[in-house]
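Q: Please take a close look at the charged side chains in this model. I would like to know how they pair, what surrounds them, and how this fits with the rest of the chain.

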Amino acid sequence: MVRGLYTAWTGLRNEERRMDVVTNNMANADTTGFKKIDATSQSFARQLAVKIDDNTEGPNIKRGIGGVALGTKIGETFYDMSQGGFRETGDVYNVAIGGSGFFTIRMIDKEGNAHIRYTRDGDFTVTKEGFLQTKDGDSVLDENGNPIQIPNANFVDVAIGENGDIYADNNYVATIGLTDFESYEYLSSYGENMYEAVDGATQIPANATLTQGYLEMSNVNMVTEMVDMIAITRAYETNQKMVQTLDDILEKTVTIGQV
């Protein structure tokens with residue numbers, strides 16, 4: 001019976017974590033370039049239950065009576081990297097990625113150390129000096145890993161080609177750096193709608209085209225997330241009722257034992 005309480009508790013914790021994933025997706029439904037997160041559930045390893053102090057089959061022989069499930073847990077969380085829809089903005093420094101790949105971003109931490117991150121969010125801007133940056137002030141890198149600077153950015157006609165080539169008044173400036181990975185399992189969410197590569201990540205050429213004046217929107221489907229939220233809520237309530245039922249049974253057992 002105590003095992004039943006534990007099993008129901010693992011169900012409660014599992015649904016809480018699934019709810020965290022769903023609510024995070026819904027909160028970022030309007031975030032540019034956001035990729036939804038999915039979670040899988042799995043059971044703990046089953047353990048073999050055996051009879052003890054039973055000599056019907058001979059001394060020191062423990063007869064198995066079946067497997068014992070010990071509840072459930074989050075198996076893994078993973079990113080759904082499917083393409084999001086495009087929204088036209090008309091801003092010359094807004095760029096949407098079509099296909100697979102990421103913009104390469106250089107961030108500087110408080111200690112002055114540089115870190116390379118990756119994002120699908122192409123909502124860029126330029127500084128007074130003409131450096132192409134993210135909304136948070138991080139540098140957008142070119143194909144050689146250098147910051148992109150557009151001379152007289154606010155006074156020239158800037159065109160960005162499908163391959164990432166940037167032209168200012170028909171003069172070539174740089175090519176936006178795009179990076180892809182052999183497996184997205186080696187990408188970790190850094191925050192600020194960015195990812196960082198972890199040990200084991202293998203870079204490959206990006207198979208993508210860029211569209212100027214557009215932004216890729218989130219690939220979160222609000223209807224799907226709402227359906228998942230309802231299912232999670234019902235599963236949570238079921239486990240909650242199980243805990244209450246077992247608690248009532250234990251209370252009655254203690255009462256009977258005192259009589």
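**Charged pairs and their surroundings**

A: The side chains of Arg120 and Glu216 form a salt bridge, 3.0 Å from N to O. Arg120 sits in the loop between β8 (114–119) and β9 (125–126) and Glu216 in strand β20, so this pair ties together parts that are 96 residues apart in sequence. A salt bridge here is a side-chain nitrogen of Lys or Arg within 4 Å of a carboxyl oxygen of Asp or Glu. Helices (H or I, at least four residues) and strands (E, at least two) are DSSP runs numbered from the N terminus.

This is a predicted model, in which local features need pLDDT of at least 70 and side-chain atom pairs count only at pLDDT 80 or more, while totals for chains, interfaces and linings use all residues. Residues are numbered from 1 along each chain as its sequence is written, and side-chain values use heavy atoms, with hydrogens and water left out.

Arg120 counts as buried because its relative accessibility is 3%, and Glu216 counts as buried because its value is 1%. Buried means under 20% relative accessible area, exposed over 50%, and partly exposed in between (1.4 Å probe, protein chains only).

Glu216 also has a salt bridge with Lys35, where the closest N and O atoms are 2.5 Å apart. This pair, too, links distant parts of the chain: Glu216 is in strand β20 (residues 214–216) and Lys35 in the loop between α1 (2–27) and β1 (37–43), 181 residues apart. Lys35 is buried, as is Glu216. Lys35, Arg120 and Glu216 are thus linked in a network of salt bridges. In general, side chains of opposite charge can pair when their charged atoms come close.

The next residue after Arg120 in the numbering, Asp121, has a partner as well: Lys135 and Asp121 meet through their side chains in a salt bridge, 3.9 Å from N to O. Lys135 lies in the loop between β10 (132–133) and β11 (139–140), and Asp121 in the loop between β8 and β9, 14 residues apart. The two ends are not equally covered. Lys135 is exposed because its relative accessible area is 55%, whereas Asp121 is buried because its value is 12%. The salt bridges come to nine by this rule.

Which side chain of opposite charge is nearest to Asp138? The nearest is that of Arg117, 8.1 Å away, and Asp138 is buried yet has no salt bridge. Lys and Arg count as positive and Asp and Glu as negative; His and the chain ends are not counted. Asp138 is in the loop between β10 and β11. Not counting residues up to four places away in sequence, Asp138 touches Ile105, Arg106, Met107, Leu132, Gln133, Glu192 and Met194. Contact means heavy atoms within 4.5 Å.

Met107, one of those contacts of Asp138, belongs to strand β7 (residues 102–108). Met107 counts as buried because its relative accessibility is 7%. Beyond its neighbours within four places in sequence, Met107 is in contact with Asn113, Ala114, His115, Arg117, Asp138, Tyr190, Glu192 and Met194. Both contact lists include Glu192 and Met194. The C-alpha atoms of Met107 and Ser139 are separated by 6.7 Å, although these residues are 32 residues apart along the chain.

Elsewhere, Val92 is in the loop between β5 (86–88) and β6 (95–100). Val92 counts as partly exposed because its relative accessibility is 36%. Its C-alpha atom is 8.6 Å from that of Tyr214, 122 residues apart along the chain. Apart from residues up to four places away in sequence, Val92 touches Val158, Ile160 and Gln212.

Ile160 leads to a sheet: its bridge partner in β13 is Ile166. β12 and strand β13 (residues 165–168) pair in the antiparallel sense over three bridges. Two strands pair if DSSP finds at least two bridges between them. Three strands form this open, antiparallel sheet in the order β12-β13-β14. β12 (158–160) and β14 (171–175) are the edge strands, each pairing on one side only.

For the whole protein chain, there are two helices and 20 strands. Of its 259 residues, 35% are buried. Among contacts between residues at least 6 apart in sequence, 65% join residues at least 24 apart.
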